[in-house]
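Biologist: Please take me through one part of this model in detail: the nonpolar core and whatever sits around it. Spell out your cut-offs as you go.

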Amino acid sequence: MKEGANILTTPLTKICNLSITTSKFPNKCKQAKLKPLFKKGSKTEPTNYRPISLLPIISKIIEKVIHEMTLNYLDKFNILYKYQSGFRTNYSTNSCLSFLSNKVLTGFEKGMLTDMILIDLQKAFDTIDHDILLKRMIYLGFSNSTIGWFKSYLEDRKFFSKCWG
């Protein structure tokens, strides 16, 4: 892709723009090849593998464009919590921990008690109710065409696997 960037830029831009203007995510980009990735333990136990979805490169490009546009919207209207660290440029686990440490120390210095509830949502993306997400986007002021694009992106996903050697 990098070597052919000069040639591929125009058609890829047209595909991205077409996806956005029609509010449709291409069906061919919704087909993921599942590959098992070994975690630990016995290699004969299926539970010791986690599935990795391999998507077409064009899918990743469109996703990146939409991700940037969505973040720009969220930033422009100050929708995100100012200390939200996940999926944001210049924020990380370290910046989140730094904020948390500072908050605890400040409270301690003022003689306050600090409580904390931590939740680790495994497979968080898989647990999101798509209807609730789309309704939340309406509440946040996203346009109907943007919501239509996300609806198209989320529906009719297909996965297949093959034996890996």
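Modeller: A polar contact here is an N or O pair within 3.5 Å, with one atom able to donate a hydrogen and the other to accept it within protein; sequence neighbours count only through two side-chain atoms. This is a predicted model, so local features need pLDDT of at least 70 and side-chain atom pairs 80 or more, while totals for chains, interfaces and linings use all residues. Numbering starts from 1 along each chain, and side-chain values use heavy atoms, without hydrogens or water.

Start at α5 (helices are DSSP H or I runs of at least four residues, strands E runs of at least two, numbered from the N terminus). At its start, a side-chain oxygen of D129 comes to within 2.9 Å of the backbone nitrogen of D131. Just past α5, G141 has a positive phi of about 90°.

α5 (130-139) also gives two or more residues to the largest nonpolar core, as do α1 (5-22), α2 (57-76) and α6 (144-154). That core (buried Ala, Val, Leu, Ile, Met, Phe, Trp, Tyr and Cys joined through side-chain atoms within 4.5 Å; buried is under 20% relative accessible area, exposed over 50%, partly exposed in between, 1.4 Å probe, protein chains only) counts 17 residues, and F25, I62, M137, W149 and F150 make the most contacts inside it. Leaving out residues up to four places away in sequence, F25 touches I62 and W149, and its partners also include S19, K30, S59, E63, S152, Y153 and R157 (contact: heavy atoms within 4.5 Å).
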